[in-house]
Amino acid sequence: APYAQTLRTLLDSHEPYPGSAYDPLGRIQMTNAAHRRLFPGASERTPEESIDLFFRDGAGLEFENWPEVAWAYADRWRLEASRYGSTELRRLAARAEAHLADVPRPTPSPDDGAVMSPRIRIDGRTYRTFSTVLRFDTARELTLSEIRVELIYPADEDTAALFRLAAASAA
């Protein structure tokens, strides 16, 4: 209970920016309101549905740098599969990579910055984000140690303003 409350507090305090907690198979365990606004219905999807939706339509988002975002997403699945050695995770990673058969892997440019930054187009404007991932790496309880908390941040003031406006509009 205290760890679930810690996750809830962490996600809620991250508002107006999206945040979610996932299990190793990518099943969403908990989200904040900003995540639900950006990715409606995501909590109800299976990992397979989430992968297929992401590669079919970018989960409803239009990415200017789609190849970079798509390969980063597939690479994250591969990293989780290697971290846990799970047959199921390897299957999900292969599923993600199969969607990229016709998408060349982009070569990062020195101008790309320190982390991959999705560039999302909304109403003709570009908004940039980046993510961090938190874990309970010192947890003694296996289930808790496998929870991954993803927090999405704005990479510029225009994006921060968009998230604040979305939160105010929802209120």
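Let's start with Asn65 and what it touches: leaving aside neighbours within four places in sequence, Asn65 is in contact with Met116, Ser117, Pro118 and Arg119. Please keep in mind that this is a predicted model. One of those contacts is worth a closer look on the screen. The side chain of Asn65 reaches the backbone nitrogen of Arg119, at 2.9 Å. As for where we are in the fold, Asn65 sits in the loop between strand 3, residues 62-63, and helix 4. Is Asn65 buried or exposed? Its relative accessibility is 5%, so Asn65 counts as buried.

From that loop we can walk into helix 4, and on to the nonpolar cores. The largest nonpolar core has 25 residues, and the ones with the most contacts inside it are Ile51, Phe55, Trp77 and Leu100. Three helices each supply at least two residues of this core: helix 3, which is 47-57, helix 4, which is 66-84, and helix 5, which is 87-98. Helix 4 gives the largest share, with 7 residues.

If you would like one residue to centre your view on, try Ile51. Not counting residues up to four places away in sequence, Ile51 touches Tyr73, Trp77, Leu92, Arg95, Ala96 and His99. There is also a second, separate core, this one of 7 residues, including Leu11, Ala21, Met30 and Val149.

Now for the open space. The largest pocket has a volume of about 1100 Å³. Which residues lie nearest its centre? They are Tyr73, Arg76, Ser131, Glu150 and Ile152, out of a lining of 45 residues. You may recognise Tyr73 from a moment ago, as one of the residues touched by Ile51.

Quite a list of elements gives two or more residues to that lining. On the helix side we have helix 2 (33-38), helix 3, helix 4 and helix 7 (157-170). On the strand side we have strand 1 (19-22), strand 4 (119-122), strand 5 (125-135) and strand 6 (148-154). Helix 4 comes up again here, with the largest share of the pocket lining at 8 residues. By class, the lining of this pocket divides into 29 nonpolar, 8 polar and 8 charged residues.

What about enclosed space? The count comes to 1 cavity of 30 Å³ or more, and the largest cavity has a volume of about 30 Å³. Its lining is made up of Pro24, Arg76, Trp77, Glu80 and Arg148. Two of these names have come up already: Trp77 among the residues with the most contacts in the largest core, and Arg76 among those nearest the centre of the largest pocket. Once more the largest share of a lining comes from helix 4, with 3 residues of this cavity. By class, the cavity lining has 2 nonpolar, no polar and 3 charged residues.

Before I finish, two backbone details to look up while you have the model open. The first is a cis peptide bond that joins Glu15 and Pro16, with omega at about 15°. You will find Pro16 in the loop between helix 1, residues 2-13, and strand 1.

The second is Asp123, in the loop between strand 4 and strand 5. What is the phi of Asp123 near? It is near 50°, a positive value in a residue other than glycine. Asp123 has a relative accessible area of 79%, so Asp123 is exposed, whereas Asn65, where we began, is buried at 5%.

Thanks, everyone, and I'm happy to take questions.

Definitions and conventions:
Residues numbered from 1 in each chain as written. Predicted model: local features only at pLDDT ≥ 70, side-chain atom pairs only at ≥ 80, totals over all residues. Heavy atoms only, no water. Core = buried A, V, L, I, M, F, W, Y, C linked by side-chain atoms within 4.5 Å. Buried < 20%, exposed > 50% of the residue type's maximum accessible area, 1.4 Å probe, protein only. Helix = DSSP H or I, 4+ residues; strand = E, 2+ residues; numbered from the N terminus. Contact = heavy atoms within 4.5 Å. Polar contact = N/O pair within 3.5 Å; in protein donor to acceptor, adjacent residues only side chain to side chain. 1 Å grid on protein atoms, 1.4 Å probe; cavity = no way out; pocket = protein on both sides within 12 Å on 5 of 7 lines; lining within 4 Å. Points joined across faces, edges and corners; volume = space filled by probe spheres on them. Nonpolar A, V, L, I, M, F, W, Y, C, P; charged D, E, K, R; others polar.
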